[in-house]
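Work through the following exercises with the sequence and the model side by side. Each one sets a task and then solves it step by step.

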Amino acid sequence: MMDALRTWLYGVFCAALLLTLTQGLLPKGKLRSLASLAGGLILLLALLRPLGVGKDWNWDASAFQAEVAERQKELSAERQAQLAAIIAEETEAYIWENGEDLKSVKVEVREVDGVLLPWSAELGCPYGEALSRMLSEDLGIPGERQYYEGD
């Protein structure tokens with residue numbers, strides 16, 4: 001019983017302290033009025049808590065934090081996919097500019113040690129020593145990951 005009373009008083013004290021600090025820091029005007037209204041509602045909620053107001057509300061933020069972490073993972077994966085597409089597109093454009101007699105170019109991008117790199121290239125042309133050397137030296141795509149028409 002004493003723990004419940006102590007928790008209730010602590011909640012009321014914190015709400016009152018927050019309201020007082022907010023009132024003291026904000027200049028007079030609409031913002032201060034809105035802050036007073038919000039603070040008053042929070043203080044009222046803290047005062048009415050023993051009567052059952054808000055007891056069914058979930059105040060635990062761990063579920064919210066898990067959702068945020070999951071969304072961050074999704075956004076990171078989406079960002080990586082977009083970056084991979086851009087790298088593939090730019091690499092293909094570079095090959096088109098420097099290659100001869102190309103019918104098609106397709107570059108695969110993979111993540112290596114946390115860095116997105118051109119991994120392999122499928123080229124719609126017969127094997128050429130100069131093109132193969134350019135792919136190896138300029139783009140880091142070794143000969144075993146270069147696929148030519150007719151291979």
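Two residues are in contact here when heavy atoms of theirs lie within 4.5 Å. The model is a predicted one, in which local features need pLDDT of at least 70 and side-chain atom pairs count only at pLDDT 80 or more, while totals for chains, interfaces and linings use all residues. Residues are numbered from 1 along each chain as its sequence is written, and side-chain values use heavy atoms, with hydrogens and water left out.

**Exercise 1. Describe the order of the elements and the overall dimensions of the protein chain.**

Step 1. Helices (H or I, at least four residues) and strands (E, at least two) are DSSP runs, numbered from the N terminus. On this basis the protein chain holds four helices and three strands, and read from the N terminus they follow the order α-α-α-β-β-α-β.

Step 2. The radius of gyration, taken over C-alpha atoms, is set against a globule rule of 2.2 Å times the number of residues to the power 0.38. The protein chain has a value of 31 Å, whereas a compact globule of 151 residues would have one near 15 Å.

Step 3. Along the principal axes, the C-alpha atoms fill a box of roughly 85 × 40 × 20 Å.

Step 4. A residue is buried under 20% relative accessible area, exposed over 50% and partly exposed in between, using a 1.4 Å probe and protein chains only. By that cut-off, 21% of the 151 residues of the protein chain are buried.

**Exercise 2. Find the largest nonpolar core and the elements that supply it.**

Step 1. A nonpolar core is a set of buried Ala, Val, Leu, Ile, Met, Phe, Trp, Tyr and Cys residues joined through side-chain atoms within 4.5 Å. The largest such core has 17 residues, and those with the most contacts inside it are Ile 95, Leu 102, Leu 123, Leu 131 and Leu 135.

Step 2. At least two core residues come from each of helix H3 (62-98), strand E1 (105-112), strand E2 (115-123) and helix H4 (129-139). The largest share, four residues, is that of H4.

Step 3. Take Leu 102 as an example: beyond its neighbours within four places in sequence, Leu 102 is in contact with Ile 95, Trp 96, Leu 123, Gly 124, Cys 125 and Leu 131.

**Exercise 3. For Val 109, Thr 91 and Ser 132, state the element, the burial and the contacts, leaving aside neighbours within four places in sequence.**

Step 1. Val 109 lies in strand E1 and counts as buried because its relative accessibility is 18%. Its contacts are Ala 84, Ile 87, Ala 88, Leu 116, Leu 117, Pro 118 and Trp 119. By contrast with these contacts, the C-alpha atoms of Val 109 and Leu 43, which are 66 residues apart along the chain, are separated by 56 Å.

Step 2. Thr 91 belongs to helix H3, and with a relative accessibility of 7% Thr 91 is buried. Val 107, Pro 118 and Leu 139 are in contact with Thr 91.

Step 3. Ser 132 sits in helix H4 and, at 8% relative accessibility, is buried too. The contacts of Ser 132 are Tyr 127, Gln 146 and Tyr 148.

**Exercise 4. Examine Asp 101 and Asp 113 for backbone angle, location and exposure.**

Step 1. Asp 101 is not a glycine, yet has a positive phi of about 55 degrees. Asp 113, likewise not a glycine, also has a positive phi of about 55 degrees.

Step 2. Asp 101 is placed in the loop between H3 and E1, while Asp 113 is placed in the loop between E1 and E2.

Step 3. Asp 101 counts as exposed because its relative accessible area is 67%, and Asp 113 is exposed at 79% relative accessibility.

Step 4. Which residues does Asp 101 contact, its neighbours within four places in sequence left aside? They are Gly 124 and Cys 125. The C-alpha atoms of Asp 101 and Gly 124, 23 residues apart along the chain, are separated by 8.4 Å.
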